[in-house]
Amino acid sequence: LVEASHPDTEISYSTYDHKAVPVIGPVTDRKRVKAAIATTLSESAGTSLYDPIIETLAQLSKANLPRQVLIVISERAEQHGQHNLQELIRAVQASLAQVYLIGYFDPEEDLAFQTSGKTVRLITGKEVDNPRYVFKRLAEESGAECFFVKSSLELSRSIETIADELRHQYTLAYHSSRWSESNSYHRIQVRVKRKGLRVRARHGFRMLEPDAAASIRV
């Protein structure tokens with residue numbers, strides 16, 4: 001992914017357990033980014049997924065470049081965060097970033113994820129949001145895609161797919177002279193005339209008041 005990006009792209013890399021831990025960035029030096037990734041160790045026994053995503057989206061809102069992408073790789077469901085799913089969805093709707101998600105779950109747990117609805121009961125007995133539902137919802141809300149992989153090879157292929165998509169996407173924008181009240185959701189629908197094509201774009205966006213935007217930051 002690092003090698004496939006445009007030379008002028010700024011890259012940030014963070015790890016997370018209960019919160020996002022910035023390791024490097026934003027930088028354009030690919031060697032430094034790859035060196036930081038190579039030193040990553042997995043030590044956490046639990047995951048807070050929603051808080052780090054919300055925190056990182058808030059950081060992306062200050063980015064120098066207008067096009068923003070967040071790629072999340074997780075092997076566990078949300079279990080220990082302060083924010084709930086609805087707050088996470090609102091943060092994604094208010095962000096300009098596309099959110100790609102890759103789930104690399106334990107096979108036994110993933111079987112339960114695949115056969116459950118919006119929530120799932122873990123092996124420990126705890127009921128949590130089903131990460132397969134969550135990943136699909138976040139990807140759809142931001143006009144991105146999610147992947148569920150079972151091996152390192154599938155993980156590599158999903159990264160290649162994301163990199164290829166980012167090189168071939170179009171950015172569409174518009175300005176409306178009629179904005180409704182703050183904190184409201186504005187739905188968007190993108191259509192194309194040519195038959196046989198499938199459009200993947202965000203469903204809409206949310207206008208947040210400054211105080212509301214600050215309240216979702218960790």
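## Exercises on strands, rings and salt bridges

Strand β1 (residues 11-16) and strand β2 (residues 20-27) run antiparallel and are joined by five bridges, where two strands pair if DSSP finds at least two bridges between them. Helices (H or I, at least four residues) and strands (E, at least two) are DSSP runs, numbered from the N terminus. The model is a predicted one, in which local features need pLDDT of at least 70 and side-chain atom pairs count only at pLDDT 80 or more, while totals for chains, interfaces and linings use all residues. Residues are numbered from 1 along each chain as its sequence is written, and side-chain values use heavy atoms, with hydrogens and water left out.

**Exercise 1.** Find the residue of β2 that stands opposite threonine 15, and state what β1 and β2 form.

*Solution.* Begin at threonine 15 and look across to β2, where valine 21 stands opposite. Then follow the chain from β1 to β2: the two strands form a hairpin, with three residues between them.

**Exercise 2.** Describe the aromatic pairs that phenylalanine 105 forms with phenylalanine 135 and with phenylalanine 148.

*Solution.* Step one is the rule: rings of Phe, Tyr and Trp (its six-membered ring) pair if their centres lie within 6.5 Å, and planes under 30 degrees apart count as stacked, over 60 as edge-to-face and the rest as tilted. The structure holds four aromatic pairs. One of them joins phenylalanine 105 and phenylalanine 135, with 5.8 Å from centre to centre and 45° between the planes, and is tilted. Phenylalanine 105 lies in the loop between β4 (98-103) and α4 (107-114) and phenylalanine 135 in helix α5 (residues 131-142), so this pair ties together parts that are 30 residues apart in sequence.

Step two takes the pair of phenylalanine 105 and phenylalanine 148, which is also tilted, at 6.2 Å centre to centre and 35° between the planes. Because phenylalanine 148 lies in strand β7 (residues 146-148) and phenylalanine 105 in the loop between β4 and α4, the pair ties together parts that are 43 residues apart in sequence.

Step three is the wider picture: Phe105, Phe113, Phe135 and Phe148 form one aromatic cluster. Over the face of phenylalanine 148 lies arginine 132, at 4.1 Å from the ring centre; a charge sits over a ring if NZ of Lys or CZ of Arg is within 6 Å of the ring centre and within 35 degrees of the ring normal.

**Exercise 3.** Decide whether phenylalanine 105 and phenylalanine 135 are buried or exposed, and how many residues of helix α2 are buried.

*Solution.* Buried means under 20% relative accessible area, exposed over 50%, and partly exposed in between (1.4 Å probe, protein chains only). Phenylalanine 105 and phenylalanine 135 are both buried. In helix α2 (residues 50-60), 10 of the 11 residues are buried, and the helix is mostly covered; among the buried residues are Tyr50, Pro52 and Leu60.

**Exercise 4.** Work out where arginine 167 and aspartate 164 lie, and how exposed each of them is.

*Solution.* A salt bridge is a side-chain nitrogen of Lys or Arg within 4 Å of a carboxyl oxygen of Asp or Glu, and the structure holds eight of these bridges. The side chains of arginine 167 and aspartate 164 meet in one, at 3.4 Å from N to O. Both residues lie in helix α6 (residues 152-167), three residues apart, which is about one turn of the helix. An α-helix has 3.6 residues a turn, so residues three or four places apart point the same way. Arginine 167 counts as partly exposed at 47% relative accessibility, and aspartate 164 counts as partly exposed at 35%.
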